[in-house]
Amino acid sequence: MLILLVVGASGAPAAELPLWEIGVGGGVIQIPDYRGSSATGIYPYPFILPVYRGRSLQADEEGIKGILSETDRLRLDVSVYGNVPVRGDNEARAGMDALDPTLEIGPMLRYKAWKSSNQRQSAIVDLPLRFALSVGDGLDAVGYAVTPRVSYRSQVNAFGRPWRWSFSGEALWGSSGLHRYFYQVDPADATSWRPAYQAEAGFGGTRFRASLNRRDPDRLVSFYAVYDNVRGAVFEDSPLVERRDGWTLGFVVTWLLFRSDDLVKVRQWEWNTE
């Protein structure tokens with residue numbers, strides 16, 4: 001859940017920060033069971049946030065990142081995403097097996113298309129390729145996803161304090177295996193109101209994200225919203241798609257309680273070009 005949901009606020013574009021920190025926090029998320037589902041769950045969740053600012057591996061308020069390579073304009077990261085489990089009480093899937101949560105991981109090429117001269121605005125183009133795994137008693141391969149994304153980021157002052165906000169839009173493509181996992185209805189699961197359906201690979205709709213967040217010396221605060229739209233998706237006609245759009249909403253608060261005495265220079269790639 002931490003990898004999926006926590007979006008962060010960092011400090012200045014380049015600053016000295018502790019090599020590691022440990023925080024505790026909590027949040028609430030309202031999220032559909034899956035894209036296209038009318039069933040929505042509200043999940044309060046506590047978590048422990050380990051922060052590590054290494055040269056090639058970073059774990060922080062933005063999630064877990066593996067930095068494989070970097071230049072002024074290009075960066076190769078490890079991208080991680082996920083989805084909550086689909087509960088057995090989902091009406092559209094009545095009589096079908098519950099679905100384990102999924103974890104998606106793979107490389108992501110990032111291109112810094114633009115940065116303002118005052119280092120307060122930037123536009124980033126991301127091209128992730130992630131391989132999806134179901135996380136149950138073990139890890140089982142599900143398929144893969146390609147989700148190109150364009151993001152605009154800005155640093156603003158609000159309520160007398162610096163905040164960061166971002167807005168992004170992405171298009172989703174998925175393999176037949178990934179779409180089958182969520183949208184296929186096998187003949188054994190077909191009913192008079194839920195016909196059999198064969199899911200295929202292809203376009204999976206669009207997604208838009210917005211976040212507002214800030215970091216104090218001892219606290220992180222984040223608000224976020226995600227709008228999903230499956231109009232035009234290859235699985236739009238699946239009987240498991242009950243609505244064409246949906247929202248994910250949430251907030252996170254983290255208190256940083258422990259930190260190392262060792263400091264490292266943190267260079268925020270999104271804002272710098274040196």
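## Exercises: patch, cores and a wrapped helix

A nonpolar surface patch of about 870 Å² is formed by W20, I22, V24, I48, Y52, L57, W255, L257 and F258. Keep in mind that this is a predicted model.

**Exercise 1.** Work out which strands each supply at least two residues of the nonpolar patch, then place W20 and classify its exposure.

*Solution.*
- Step 1: Take the patch members, among them W20, I48 and W255, and sort them by strand.
- Step 2: The strands that each give at least two residues are β2 (20-32), β3 (40-53) and β14 (245-259).
- Step 3: W20 sits in strand β2.
- Step 4: Partly exposed runs between 20% and 50% relative accessible area. W20 comes in at 36%, so it counts as partly exposed.

**Exercise 2.** Find which members of the largest nonpolar core touch the most other members, and which element gives the most to this core.

*Solution.*
- Step 1: This core has 20 residues, and Y34, L178, F182, Y183, F235 and L240 touch the most other members.
- Step 2: Two elements, β9 (139-146) and α2 (176-183), give two or more residues to this core.
- Step 3: α2 gives the most, with four residues.
- Step 4: Now zoom in on L240. Skipping neighbours within four places in sequence, L240 is in contact with Y34, G36, A92, R93, M96, F182, Y183, Q184, V185 and R194.
- Step 5: Don't stop at one core: a second, separate one has eleven residues, including Y45, F47, V51 and V252.

**Exercise 3.** Decide whether α2 is largely enclosed or not, and say what its buried residues pack against.

*Solution.*
- Step 1: List the buried residues of α2: G177, L178, H179, Y181, F182 and Y183.
- Step 2: That is six of the eight residues of α2, so the helix is largely enclosed by the rest of the structure.
- Step 3: The packing partners of these buried residues are β6 (74-83), β7 (102-115), β8 (121-135), β9, β11 (161-174) and β12 (202-216).

**Exercise 4.** Is S134 buried or exposed, and which residues does S134 contact?

*Solution.*
- Step 1: S134 lies in strand β8, one of the strands that the buried residues of α2 pack against.
- Step 2: The cut-off for buried is under 20% relative accessible area. S134 has 7%, so it is buried.
- Step 3: Leaving out neighbours within four places in sequence, S134 is in contact with D100, P101, T102, L139, D140, V142 and Y181. Y181 is itself among the buried residues of α2.
- Step 4: For a distance check, S134 and S38 are 96 residues apart in sequence and 22 Å apart in space, C-alpha to C-alpha.

Notes:
Residues numbered from 1 in each chain as written. Predicted model: local features only at pLDDT ≥ 70, side-chain atom pairs only at ≥ 80, totals over all residues. Heavy atoms only, no water. Patch = residues over 30% accessible without salt bridge, like charges linked within 9 Å, V, L, I, M, F, W, Y side chains within 5 Å. Areas by Shrake-Rupley, 256 points an atom, 1.4 Å probe, with all protein chains shown as cover. Salt bridge = Lys/Arg side-chain N within 4 Å of Asp/Glu carboxyl O. Buried < 20%, exposed > 50% of the residue type's maximum accessible area, 1.4 Å probe, protein only. Core = buried A, V, L, I, M, F, W, Y, C linked by side-chain atoms within 4.5 Å. Contact = heavy atoms within 4.5 Å.
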